[in-house]
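User: I would like a close look at one helix and the packing around it. Please keep to what can be computed from the coordinates.

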Amino acid sequence: MEPAEALQPAVAVRRSGGGATTARVNYSKETELKTTLVELLIYITFLVTLSLMTFGMVSTNMYHLNKVMEDLFVEQPSSESNGINFRGIRSHADFWKFAEGPLLDGLYWNTWYDNRTITDLKNTSYIFYENLLLGVAQIRQLKVRNNTCSIYPYFQPFLKSCYSRYSYQAEDKSDFGLMNEPEWKYVSASSFSPWYWGSVGFYRSGGFIVTLPRSKQESMEKLAFLRKNGWITRGTRAVFIDFSTFNANINLFCIVRLVVEFPATGGALTSYQIHSVKLLRYVSYYDYFLASCEVAFCLFIVTFIIQEAIEITRLKMKYFRSAWNWLDMLLIAVSILAICFNIYRTIEVSLLMEELLSNAHVYPNFYFLAFWQVIYDNVIAVNVFFAWIKIFKYVSFSKTMTQLSSTLSRCAKDIIGFAIMFFIIFFAYAQFSHLVFGSQVNDFSTFQNCIFSQFRIVLGDFNFESLEVNSILGPIYYISFVFFVFFVLLNMFLAIINDTYSEVKADFAVAPSQELHIADLLRQSCNKALVKLKLRKPDTDLGDENLESEEFPSTKRQDISKPSKGGSPHEKERHPKPPKLRKGKESLHHSDSVAASQSSVSPEEFQQLLRQTSELEKELNSANAKLSRIMKSMQQLKDAPGKTAQ
């Protein structure tokens, strides 16, 4: 009876100490959850601000305005052009028919639908009666010099001229034709002017420029004069038609660029750019609200920069080991770039707007401003994308999110190895298709087109009839590519992810659940709020009782904190007393456990201890299984001599 009474307080102290430690761990988890939720709410506020700022930059009116201009200048022919529209241009003659027909009809509107002449235009043009033509339109061409290509010696006696494809080195800047007029003289552009990436070339700014007059009749006479005097020559490689409009109803500028390329192969290729942009940002009350969102966005970015600087100072090189930290730095860098673009765009608009609109008889180069506006929109789009991706950082306390991230991180090496094998086969097929079909099929005319076309084949969006230009290699290429890439490689990719996800799910099932429950936290916060509002009576020590009831469901708190005086015989047999000589050691262990229970455990330490405990549990299970097998083998060896003797 005496040893049981000596041991029971020590056991009770150990249990009591464990409960306190568990309470502190749970408190640490609750604190971590609260901190994560606060950070998530702050970040959602930032994301809402960013979304309001970005979606305030675009509207459906931009699409409708672009569509109107496309239908008028690209799709619609006229009776004077013999049915030729912009897309139908295939030669120099077709270009002049379009310029003197649909182009002038679209630029100059001076009659109503009932052929009634509008008298209040005052030498201005309203395209579709709603879009003011800013200044005048401009036509610009780029040429290459003669004898800029290499001719094989056998053909040199037959060819007296040779014009290569367009390049900066081969560009012709010399005056030609009627040199007394400005359209026959080369005009240089500033080094900051954007270049144009066309279908067959990369074209710089500058060139031989023609400015159309304000009236339609004068413009038609000038175009006819240029056509008769050969303004477009054999060396012409690209012709640009630029003009800008402004719609006051929706406060949008529309910058239109129509491009006709004359490649060295002959013929003509057409392309166009139509940008509807909002250059005058702050006009209505809603615009000023968006300006306040921009200021809030800048304050958020400054706060994030300070936070990341503090983290880098505290963690040093460990900071760069986390992928989320790299995402934070990328988000900040893109945001700073977007802010710089916005400031530059606003300053340039304010400086150039008055200058561009001061003379109504010159071409206002709004294409420069539209180019930087499009760049700014693209940067903001990338910024919004990474901002939404960052939400996964704050929802990582969910078990499902943790499983997904663990699956991707665990199978990363296998996916990298698979990607190497996949792209070796993929690029082999791409080069094969480019060599076999490149000269006859548009989808395989360049190596980049081959790559995109093969991805389309994988997705099922492809026209097999285009491969029939080669009746032997076409079906062989298609069938073998679909078999190896679609049926073999893609299924291997899915198998890697499925197997890894199964392993991760099994590991999470074995390990104790550490998922933080938001519902419990919200319930506790709601109860505390009701108590403060005196709508509910406070529950005394409810959290401790619930905690201890969860840890020891069959033992009361009084039985754990104090030794039992009487005790049943079964209970005394379950806790026999040790000798009194060990009482000092037990009391020393008692003091150590109390000191340990008073120390707090950080979330990182808790996760590390959890992982170590899980690994130790696995090792113990493995050792237990090995011992069981050894004991079974020894028992079999022990029973073997007895059977032999019988």
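What covers the buried residues of α2?

Analyst: This is a predicted model. The cover over the buried residues of α2 includes one helix segment, α3 (92-107), and the strands β1 (126-127), β2 (131-143), β7 (236-247), β8 (252-261) and β9 (269-277).

The helix itself comes next. Helix α2 runs over residues 60-75, which is 16 residues. At 1.5 Å a residue it should span 22 Å, and its end C-alpha atoms are 21 Å apart, so the two values agree. Its buried residues are M62, L65, M69, E70, L72, F73 and V74. An α-helix has 3.6 residues a turn, so residues three or four places apart point the same way. Buried here means a relative accessible area under 20%.

F73 links the helix to the interior. The largest nonpolar core has 42 residues, and F73, F95, L107 and W231 are those that touch the most other members. At least two residues of this core come from each of α2, α3, β2, β6 (207-211), α4 (216-228), β7 and β8. The largest share, seven residues, is supplied by α3. In soluble globular proteins, nonpolar side chains tend to be buried together.

L107 shows what one of these core members meets. Leaving aside neighbours within four places in sequence, L107 is in contact with F73, S125, I127, L133, A137, L212 and F243. The F73 contact joins L107 to a buried residue of α2.

L133, one of the contacts of L107, also appears at a void. The structure holds three cavities of 30 Å³ or more, and the second largest has about 50 Å³ of space. Ten residues line this second largest cavity, and Y108, L133, G135, P213 and R214 are the closest to its centre. By type, its lining divides into five nonpolar residues, four polar and one charged.

The loop between β7 and β8 deserves a note, as β7 and β8 are both among the elements that cover α2's buried residues. N251 is placed in that loop. Phi of N251 is near 55°, a positive value in a residue other than glycine. With a relative accessible area of 13%, N251 is buried.

K316, in the loop between α5 (285-315) and α6 (323-356), also has a positive phi, of about 55°, although it is not a glycine. K316 counts as exposed, at 55% relative accessibility, whereas N251 is buried.

How values were computed
Residues are numbered from 1 along each chain as its sequence is written. This is a predicted model: local features need pLDDT of at least 70, side-chain atom pairs count only at pLDDT 80 or more; totals for chains, interfaces and linings use all residues. Side-chain values use heavy atoms; hydrogens and water are left out. Helices (H or I, at least four residues) and strands (E, at least two) are DSSP runs, numbered from the N terminus. The expected span of a helix is 1.5 Å times one less than its number of residues. Buried means under 20% relative accessible area, exposed over 50%, partly exposed in between (1.4 Å probe, protein chains only). Contact means heavy atoms within 4.5 Å. On a 1 Å grid over the protein atoms alone, a cavity is a set of points where a 1.4 Å probe fits but cannot get out, and a pocket is an open set with protein on both sides within 12 Å along at least five of seven lines; lining residues have an atom within 4 Å of a point. Grid points are joined across faces, edges and corners, and a volume is the space filled by probe spheres set on the points. Ala, Val, Leu, Ile, Met, Phe, Trp, Tyr, Cys and Pro count as nonpolar, Asp, Glu, Lys and Arg as charged, and the others, Gly among them, as polar. A nonpolar core is a set of buried Ala, Val, Leu, Ile, Met, Phe, Trp, Tyr and Cys residues joined through side-chain atoms within 4.5 Å.
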